[in-house]
Amino acid sequence: MTITIRPARPDDRDEITRLHVTLSQSTYAHILPATFLADVMPGEKVALWSERLATAPDPEKLSIMVAEEPGAGRLAGFACFVFDAEDQWGAYLHNLYVSADYQGRGLARRLLQAALATFPPSFAHGPLSLCALEDNKPARRLYDRLGGTVSERDLTDGSGHPPVGFVRYTWLNRQALEAALGL
């Protein structure tokens, strides 16, 4: 199996949205209310990716990398970093999703490596962070293995669902995450 990692294009929008929705529905089924996952979240993801991929992403604001298996017709995963100079936490890993068929093969690491390589100069040496659902144990194990530090815990009640716990993982800089990835 050959997986290609490349920057996302506007024509990837529907496939990224599909993958984001289906993986969220399965991954968070034991964490978030079924009505939210079925009725609210899909519309949120359609709006998110319609905005992010209306045109080619601005590399000063976003790094969106996709993984695809040529000929498979579907994406295997994607990663998205958001660059906001006003964010005290630095570059923000907003999304890292790998299809169940491709998990356990190092694809998340490859997506992260590819995305880190695209950081704009203004974010080359600053901090990185991400927020994960506290009960998302598989994701948290990955971030722990990658040397992330839990810097914040919070509860949120967004989108009308009951409060859920989040943890913020941080890395000192891109180089710290690259080192953990073996780069």
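1. A nonpolar core is a set of buried Ala, Val, Leu, Ile, Met, Phe, Trp, Tyr and Cys residues joined through side-chain atoms within 4.5 Å. In this predicted model, the largest such core has 33 residues, and the members with the most contacts inside it are Phe81, Leu96 and Tyr143. Two or more residues each come from strands S2 (62-68), S3, S4, S5 and S7 and from helices H3 and H4 (137-145). The greatest contribution is that of H3, which supplies seven residues. Another core lies apart from this one; it has 22 residues, including Leu19, Val21, Leu23 and Phe36. As a general matter, nonpolar side chains in soluble globular proteins tend to be buried together.

2. The overall architecture may be summarised as follows. The protein contains five helices and seven strands, and from the N terminus these elements follow the order β-α-α-β-β-β-α-β-α-β-β-α. The radius of gyration is 16 Å, close to the 16 Å that the globule rule gives for 183 residues, so the protein is as compact as a globular protein of that length. The C-alpha trace spans about 40 × 40 × 30 Å along its principal axes. Of the 183 residues, 46% count as buried. Among contacts between residues at least 6 apart in sequence, 66% join residues at least 24 apart.

3. Phe81 deserves a separate comment, being one of the core residues with the most contacts inside it. Beyond its neighbours within four places in sequence, Phe81 is in contact with Lys61, Leu62, Ser63, Ala91, Tyr92, Leu93, Leu112, Ala115, Leu116, Phe119 and Leu128. Phe81 and Phe119 are both buried.

4. The aromatic pairs come next. A search of the whole structure finds six of them. In one, Phe81 and Phe119 meet edge-to-face, with 4.9 Å from centre to centre and 75° between the planes. Because Phe81 lies in strand S3 (residues 75-82) and Phe119 in the loop between helix H3 (107-116) and strand S5 (128-133), this pair ties together parts that are 38 residues apart in sequence. 

5. How are the rings of Phe83 and Phe123 arranged? Their centres are 5.2 Å apart and their planes stand at 45°, so the pair is tilted. This pair links distant parts of the chain, 40 residues apart: Phe83 is in the loop between S3 and strand S4 (91-98), and Phe123 is in the loop between H3 and S5. Phe83 has 5% relative accessibility and therefore counts as buried; Phe123, at 10%, also counts as buried. Phe81, Phe83, Phe119 and Phe123 together form one aromatic cluster.

6. A further ring interaction involves a charged side chain. Arg52 lies over the face of Trp49, at 4.8 Å from the ring centre.

7. Ser129 is a polar residue to inspect in strand S5. Its relative accessibility is 1%, so Ser129 counts as buried. The side chain of Ser129 makes a polar contact of 3.0 Å with that of Arg168. Setting aside residues up to four places away in sequence, Ser129 touches Trp89, Ala91, Tyr92, Leu93, Arg168, Tyr169 and Thr170.

8. Thr170 is placed in strand S7 (residues 164-171). Is Thr170 buried or exposed? At 14% relative accessibility it counts as buried, because the cut-off for that class is under 20%. A polar contact of 2.5 Å joins its side chain to that of Ser151. Apart from neighbours within four places in sequence, Thr170 is in contact with Trp89, Leu128, Ser129, Gly147, Gly148, Thr149 and Ser151. Trp89 is thus listed among the contacts of Thr170 and among those of Ser129.

9. Leu155 offers a contrasting case. This residue belongs to strand S6 (residues 149-156). Its relative accessibility of 58% is over the 50% cut-off, so Leu155 counts as exposed. Leu155 touches Pro163, Val164 and Gly165, with residues up to four places away in sequence left out. The C-alpha atoms of Leu155 and Asp87 are separated by 19 Å, the two residues being 68 apart along the chain.

Methods:
Residues numbered from 1 in each chain as written. Predicted model: local features only at pLDDT ≥ 70, side-chain atom pairs only at ≥ 80, totals over all residues. Heavy atoms only, no water. Helix = DSSP H or I, 4+ residues; strand = E, 2+ residues; numbered from the N terminus. Buried < 20%, exposed > 50% of the residue type's maximum accessible area, 1.4 Å probe, protein only. Polar contact = N/O pair within 3.5 Å; in protein donor to acceptor, adjacent residues only side chain to side chain. Contact = heavy atoms within 4.5 Å. Phe/Tyr/Trp six-rings, centres within 6.5 Å; stacked < 30°, edge-to-face > 60°. Lys NZ or Arg CZ within 6 Å of the ring centre and 35° of its normal. Rg over C-alpha atoms; globule rule 2.2 N^0.38 Å.
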